Amino acid sequence: DIKACLFDLDGVLVDTAKYHYLAWKRLANEMGFDFTEQDNERLKGVSRVRSLEILLEIGGKELTDKEKELAAYRKNEWYVEYVDAMGADEVLDGVIPFLEELKSKNILIGLGSASKNAQKILEKVKIDRIFDVVIDGNMVSKAKPDPEVFLNGAIALGVEPQNCVVFEDAEAGVEAARRAGMRSVGIGEPETLRLADIVLPSMAKVSLDMLVDIGQEA
Ligand code: G6P
Ligand code: MG
């Protein structure tokens, strides 16, 4: 049975991809090239450092390590300005009722995000207090699809991986869940989330009944 649900942050609970996009675009434009929303798709679920490398590849630019550090720092400063302006209305549809439903059924709630800004974002949108554990980009050494972030979440909650369900919008995240030995709900397109046990177009479609179904399958 299901004892814990572990959530990715960006693209599952909130739509911060648009803010990452604006900040990366500003950096690209300063360096003299454009960065499109389509390019931004490649950065979803990817760490800050790796995102910068992809961005530089798109622009055909090379930077020294010192310059990369500064570029990533500046991008983050811009990104955090957007985050600071976030409010409770930015929690995606369906998330709060679902988290409340889990709470009422005593199912534990964890966050498993690559973002180093995860705690701040949860606080800004006022859902931080509902989480039993938060594992973020400051606490893991290996990025998704490595299962570390979700395994650490399960350990912190004292729950076996087979009793966890992961909610993810990124392919690498779904793969991380599978490698952790957890079931997963993909949020997005079935074509990109093939490894997920079920795929839903958004969190608005999630229900506990559906979780029970994937619980019985396993
Ligand atoms: C998530 C997002 C990525 C982002 C990463 C790191 O995985 O989907 O787009 O690059 O977190 O976020 P950070 O806030 O630490 O720069
Ligand atoms: Mg995500």
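In this predicted model, the buried residues of helix H4 are Ala71, Ala72, Lys75, Asn76, Trp78, Tyr79, Val80 and Val83. Among the elements that cover these buried residues are H1, helix H3 (48–59) and helix H6 (118–124). Helix H4 itself runs over residues 65–84, and its 20 residues reach 28 Å from the first C-alpha to the last, close to the 28 Å expected at 1.5 Å a residue.

Helix H3 can be described in the same terms. The buried residues of H3 are Ser51, Leu52, Ile54, Leu55 and Leu56, and what covers them includes H1 and H4. With 12 residues, H3 reaches 17 Å from its first C-alpha to its last, close to the 16 Å expected at 1.5 Å a residue. Just after H3 comes Gly60, which takes a positive phi of about 65°.

**Salt bridges**

A search of the whole structure finds 13 salt bridges, and the table lists some of them.

| Pair | Closest N to O | Location |
|---|---|---|
| Glu53 and Arg50 | 3.1 Å | helix H3 |
| Glu69 and Lys66 | 3.8 Å | helix H4 |
| Lys120 and Asp84 | 3.2 Å | helix H6 and helix H4 |

Glu53 and Arg50 are 3 residues apart in helix H3 and are thus separated by about one helical turn. Glu53 is partly exposed, with a relative accessible area of 31%, and Arg50 likewise counts as partly exposed, at 38% relative accessibility. Glu69 and Lys66, both in helix H4, also lie 3 residues apart, about one turn of the helix, but here Glu69 is exposed and so is Lys66. An α-helix has 3.6 residues a turn, so residues three or four places apart point the same way.

The salt bridge between Lys120 and Asp84 is of another kind, for Lys120 lies in helix H6 and Asp84 in helix H4, so the pair ties together parts that are 36 residues apart in sequence. Lys120 is partly exposed, with a relative accessible area of 31%, and Asp84 is partly exposed as well, with 36%. Elsewhere, salt bridges that share partners join Asp8, Lys144 and Glu168 into one network.

**The magnesium site**

Asp8 also appears at the magnesium ion (ligand 2), whose protein donors are Asp8 (OD), Asp10 (O) and Asp169 (OD), lying 2.0 to 2.2 Å from the ion. Along the chain these donors follow the spacing D-x1-D-x158-D. Asp10 lies in the loop between strand S1 (4–7) and H1, while Asp169 lies in the loop between strand S4 (164–168) and helix H8 (171–179), so the pair ties together parts that are 159 residues apart in sequence.

**Nonpolar cores**

The largest nonpolar core has 54 residues, and those with the most contacts inside it are Phe7, Leu102, Phe131, Phe167 and Leu211. Helix H1 (residues 17–30) gives the most to this core, with 6 residues. Apart from this core lies another, of 15 residues, among them Val133, Phe150, Ala154 and Leu157. Within the largest core, Phe131 is one of the residues with the most contacts; not counting residues up to four places away in sequence, Phe131 touches Phe7, Leu13, Leu99, Ile109, Gly110, Leu111 and Leu122.

**Gly188 and its surroundings**

Gly188 is found in the loop between strand S5 (183–187) and strand S6 (198–200), where it is partly exposed, with a relative accessible area of 24%. Leaving aside its neighbours within four places in sequence, Gly188 is in contact with Leu193, Val199, Leu200 and Pro201. The C-alpha atoms of Gly188 and Ile135, which are 53 residues apart along the chain, are separated by 23 Å.

**The chain as a whole**

The protein has 9 helices and 6 strands. Its radius of gyration is 17 Å, close to the 17 Å that the globule rule gives for 218 residues, so the protein is as compact as a globular protein of that length. Taken along the principal axes, the C-alpha atoms fill a box of roughly 55 × 30 × 30 Å. Of the 218 residues, 48% count as buried. Among contacts between residues at least 6 apart in sequence, 61% join residues at least 24 apart.

Notes. Residues numbered from 1 in each chain as written. Chains lettered and ligands numbered in written order. Predicted model: local features only at pLDDT ≥ 70, side-chain atom pairs only at ≥ 80, totals over all residues. Heavy atoms only, no water. Core = buried A, V, L, I, M, F, W, Y, C linked by side-chain atoms within 4.5 Å. Buried < 20%, exposed > 50% of the residue type's maximum accessible area, 1.4 Å probe, protein only. Helix = DSSP H or I, 4+ residues; strand = E, 2+ residues; numbered from the N terminus. Contact = heavy atoms within 4.5 Å. Donors = N, O, S within 2.8 Å, 3.2 Å for Na, K, Ca; no water. Expected span 1.5 Å × (residues − 1). Salt bridge = Lys/Arg side-chain N within 4 Å of Asp/Glu carboxyl O. Rg over C-alpha atoms; globule rule 2.2 N^0.38 Å.
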